[in-house]
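Me: I should like to learn how the features of a predicted protein model are read, beginning with salt bridges. Please give the criterion each time and then the case at hand.

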Amino acid sequence: MEKSIFEISKMDCPSEENLIRMKLEELEGIQHLDFDIPNRKVAVFHRSSSDEIEASLLQLNLGTQKLSTEATQQTEFTEQTQQRKLLWSVLIINFAFFGIEMATGLISKSMGLVADSLDMLADSFVYGISLLAVGKSLTRKKRIARLAGYFQIVLAVIGFAEVLRRFLGSETLPDFNIMIVVSIFALIANGVCLYLLQKSKSKKEAHMQASMIFTSNDIIINLGVIAAGLLVNWLDSSTPDLVIGSIVFGLVIQGAVRILKIGK
């Protein structure tokens, strides 16, 4: 058994991690992958040629550089049950708030809330791909990734169309009170997720680090929707809500493109 360490300069979220996993799954002799997202490194335990692994990673255009290859006596790798439970918890919370924010966004006519709900759904897709595809065939994993990516793009395009319609039309002001209150609850939920992930003993593991990155981004978006709600009230205009909605829809499409890379 050998252990090769690669630096992946453009690896900063679960999408790149899953992309790497699926690319290396095509090779024989890969025993285990250990991801260090904050430091953008991946350790590959393998019985195959490290040059072949490096060549496959270079095809992804993620800035791959091999740092070292050495023999290792490690042959057993245990799955962290606590890690999986925490990821399930984050997935459930994100999906629950997708439903809450979508419903209240439609009721309050806030595109900011609707867009944030789709961002929550996008995060749920990423966590779901990581967890539900475990043990499935490579073809099945790619199919799941493609469906998730295309679905997110369709939702985001519909959202952009609605934002454009409201910009050109004469819509009533969104209910800034609902925008602020719901976003505060979403902020609290994401804060709880971040706290649970940070106190986990397995917080240095790949999916834990990835989840913390996603949850931190969600907190920033929640604050953006709260600020938009305050500006709607202050300016007596729906423009701040439409602007924050457009920004978040753009983030959803960016995430969808990353997921589609997994399905190639």
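## Reading the model

Reply: E162 and R165 form a salt bridge whose closest N and O atoms are 2.7 Å apart; the term denotes a side-chain nitrogen of Lys or Arg within 4 Å of a carboxyl oxygen of Asp or Glu. This is a predicted model, in which local features need pLDDT of at least 70 and side-chain atom pairs count only at pLDDT 80 or more, while totals for chains, interfaces and linings use all residues. Residues are numbered from 1 along each chain as its sequence is written, and side-chain values use heavy atoms, leaving out hydrogens and water.

Me: In which helix do E162 and R165 both lie?

Reply: Helices (H or I, at least four residues) and strands (E, at least two) are DSSP runs, numbered from the N terminus. E162 and R165 both belong to helix α5 (residues 138-168), where they are 3 residues apart, about one turn of the helix.

Me: With which further residue does E162 form a salt bridge?

Reply: E162 also forms a salt bridge with R166, the closest N and O atoms being 2.8 Å apart. These two are 4 residues apart in helix α5, so about one helical turn separates them. Through shared partners, the salt bridges join E162, R165 and R166 into one network.

Me: Which members of this network are buried, and which are partly exposed?

Reply: Buried means under 20% relative accessible area, exposed over 50%, and partly exposed in between, with a 1.4 Å probe and protein chains only. R166 has 13% and is therefore buried. E162, at 22%, is partly exposed, and so is R165, at 44%.

Me: How many salt bridges does the structure hold?

Reply: The structure holds 3 salt bridges. One of them joins the side chains of D51 and K66, at 3.3 Å from N to O. This pair links distant parts of the chain: D51 is in helix α2 (residues 50-58) and K66 in strand β4 (residues 64-71), 15 residues apart. D51 counts as exposed because its relative accessibility is 51%, whereas K66, with 25%, is partly exposed.

Me: What describes a pair of aromatic rings?

Reply: The distance of the centres and the angle of the planes describe such a pair. Rings of Phe, Tyr and Trp (its six-membered ring) pair if their centres lie within 6.5 Å; planes under 30 degrees apart count as stacked, over 60 as edge-to-face and the rest as tilted. There are 2 aromatic pairs in the structure. F95 and F98 have ring centres 5.6 Å apart and planes at 45°, so this pair is tilted. Both residues are in helix α3 (residues 81-108), 3 residues apart, which means a separation of about one helical turn. F95 is partly exposed at 45%, while F98 is buried at 18%.

F160 and F249 also form a tilted aromatic pair, with 5.6 Å from centre to centre and 55° between the planes. Here distant parts of the chain are linked: F160 is in helix α5 and F249 in helix α8 (residues 239-262), 89 residues apart. F160 counts as partly exposed at 29%, and F249 as buried at 0%.

Me: How does one read strand pairing, and how many bridges join β1 to β3?

Reply: Two strands pair if DSSP finds at least two bridges between them. Strand β1 (residues 2-8) runs antiparallel to β3, with 6 bridges joining them; K3 has F45 as its bridge partner in β3. Strand β2 (residues 30-36) likewise pairs with β3 in the antiparallel sense, over 6 bridges, and the partner of D36 in β3 is K41. The hairpin of β2 and β3 has 4 residues between the strands, and R40 takes a positive phi near 55° there. Strand β3 (residues 41-46) is mostly covered, since 5 of its 6 residues are buried.

Me: Where is N222 placed, and which side chain does it join in a polar contact?

Reply: A polar contact is a pair of N or O atoms within 3.5 Å; within protein, one must be able to donate a hydrogen and the other to accept it, and residues adjacent in sequence count only if both atoms are side-chain atoms. N222 is in helix α7 (residues 206-235), and its side chain meets that of N190 in a polar contact of 2.7 Å. Contact in the wider sense means heavy atoms within 4.5 Å. Not counting residues up to four places away in sequence, N222 touches E101, D116, S183, A186, L187 and N190. With a relative accessible area of 0%, N222 is buried.
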